[in-house]
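Please open the model in your viewer and keep the selection panel at hand. The stops below go from enclosed space to strands and then to aromatic rings.

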Amino acid sequence: MAIAGAFMVPHPPLIVHEIGRGQEKGIQTTIDAYLQVAREIAELKPETLVISSPHSVMYADYFHISPGASATGNFGQFGAPEVTFKTDYDETLVKAICSETEKEKIPAGTKGERDKSLDHATMVPMYFINKFYTDYRLVRIGLSGLSFREHYRFGQCIAKAVEKTGRRVVYVASGDLSHVLKEDGPYGFRQDGPLYDERIMDVMGKADFTRLMEFDPDFCENAAECGHRSFVIMAGVLDRTAVKTEVLSHEGPFGVGYGICTYKPCGPDGSRNFLEQYELSEKKSIADHKKKEDEYVALARSTAEIYIRSGKIPKVTGGYVVCDDDSFKGWHLSQDMLDRQAGTFVSIHKEGQLRGCIGTISATKSTVAEEIIHNAISASTQDPRFPPVSPDELDILVYSVDVLGPTEKISSCEELDVKKYGVIVTKGYRRGLLLPNLETVNTVKEQIDIACRKGGIAPAEKPDLERFEVVRHY
């Protein structure tokens, strides 16, 4: 078995004695578990250590693999420059991983390195491992802003490369859990923090890796986790592999969660094809969702699909929506869609992540139906934050439509409610809008700040405020 073992570990610099200077005793359970991991790795005697690090180079749409023959680093930024590291990279395995990702059309490689130095999420595991074993080469993997599904696929490519090179490899998924567990912690408290820690430890403790990809990215962001994608890559590395799992520790006394689990490969197991299971579940979920879509969402979806596949645009005529396209059957529109004028926003999500969102604050068309058609095309092809939706994505997209009510000027932010009202901020010709009831927006201050950023307005400029209500269609 080329993958000799896999380990989920945290990376708090404080855990290093030369940095903590006694404070590390507050997480002694984690230290003891880390030492056990280091001993187990020493017993496995890997030729290569592969570490996925949340603090290596990270791009939104690319997995960075550290290039070159070697790298160095130290804990100088944490007040311990005397703790130094030097490691040789496994260039042969790096090349093999790049070859596999190229075959699978996964954006990954060694380009774009911004800092050659080892990062602390790599050095903290090495600090403990090196106490017992140093006869290894390293492959350092960065995370990306791509979906959890792509991180799993990336892990599968790593496993294939390991198999082809015949390397004896230990995989280390470096990552802390939630950073918002306690009010007196460095990042404060959010209720999603403890929920994330409880859920992720249950998933990792059972090695039930399908569930890793079912986490809502907004929930993960609100919980302020940093290791989730690292864990997903490791899950991909262990695809179709039976494992013996052990939870060694979980604690968060300083407001940040630290979890340690070990995974001992026990041979092939075709039933642990977690990505395939997840994709089948997603397809069924989206198919069920489509059956429940009302005419607002169905019109947005149909418009985007027709336009992206054929370049044709549905039209509203005689109470019907029609299109000169064989795949579009058309249907009779309700009077509400024909009689009303209103601004609308069309939002598109893919695998839980935003894929496009564009809308109009007030009506620009003669009917709500025409407003939706216009904004569905814009959201799927003209959102400057994303490339245009491609035809092969259409079957896995989820749509929602917000129909805006009239705007109302307000004199104070106290008249806002993030769940009930959207906000418009205006300063001169600059204007920003944020819809209500968004999962990652919990306070009025956050709502106004985000709307100001979208409008290029500094909050200190005290913009004029307007509020509005929406009817959201799923």
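On a 1 Å grid over the protein atoms alone, a cavity is a set of points where a 1.4 Å probe fits but cannot get out, whereas a pocket is an open set with protein on both sides within 12 Å along at least five of seven lines, and lining residues have an atom within 4 Å of a point. This is a predicted model, in which local features need pLDDT of at least 70 and side-chain atom pairs count only at pLDDT 80 or more, while totals for chains, interfaces and linings use all residues. Residues are numbered from 1 along each chain as its sequence is written, and side-chain values use heavy atoms, with hydrogens and water left out.

Begin by selecting F148, R149, M213, F215, P217, Y278 and E351, which line the largest cavity. About 40 Å³ of space lies within this cavity, a volume being the space filled by probe spheres set on the grid points, which are joined across faces, edges and corners. Keep F215 in view and add R199, which lies over the face of the F215 ring at 3.8 Å from the ring centre; a charge sits over a ring if NZ of Lys or CZ of Arg is within 6 Å of the ring centre and within 35 degrees of the ring normal.

Next, select the second largest pocket, which holds about 310 Å³ of space and is lined by 15 residues, with P12, P13, Y187, V256 and Y258 nearest its centre.

Now turn to strand β10, residues 258–268 (strands are DSSP runs of E, at least two residues, numbered from the N terminus). Of its 11 residues 8 are buried (under 20% relative accessible area, 1.4 Å probe, protein chains only), so β10 is largely enclosed by the rest of the structure. Strand β9, residues 241–251, pairs with β10 in the antiparallel sense over 9 bridges, where pairing requires that DSSP finds at least two bridges between the strands. Within this pairing, E246 has T262 as its bridge partner. Show also strand β1, residues 3–9, which runs antiparallel to β10 and is joined to it by 3 bridges, with A6 opposite Y263.

Finally, colour the aromatic rings: the whole structure has 12 aromatic pairs, counted for rings of Phe, Tyr and Trp (its six-membered ring) with centres within 6.5 Å, and called stacked when the planes are under 30 degrees apart, edge-to-face when over 60 and tilted for the rest. Select F75 and F85, whose ring centres are 5.5 Å apart with planes at 90°, so the pair is edge-to-face.

Note on methods. Buried < 20%, exposed > 50% of the residue type's maximum accessible area, 1.4 Å probe, protein only. Helix = DSSP H or I, 4+ residues; strand = E, 2+ residues; numbered from the N terminus.
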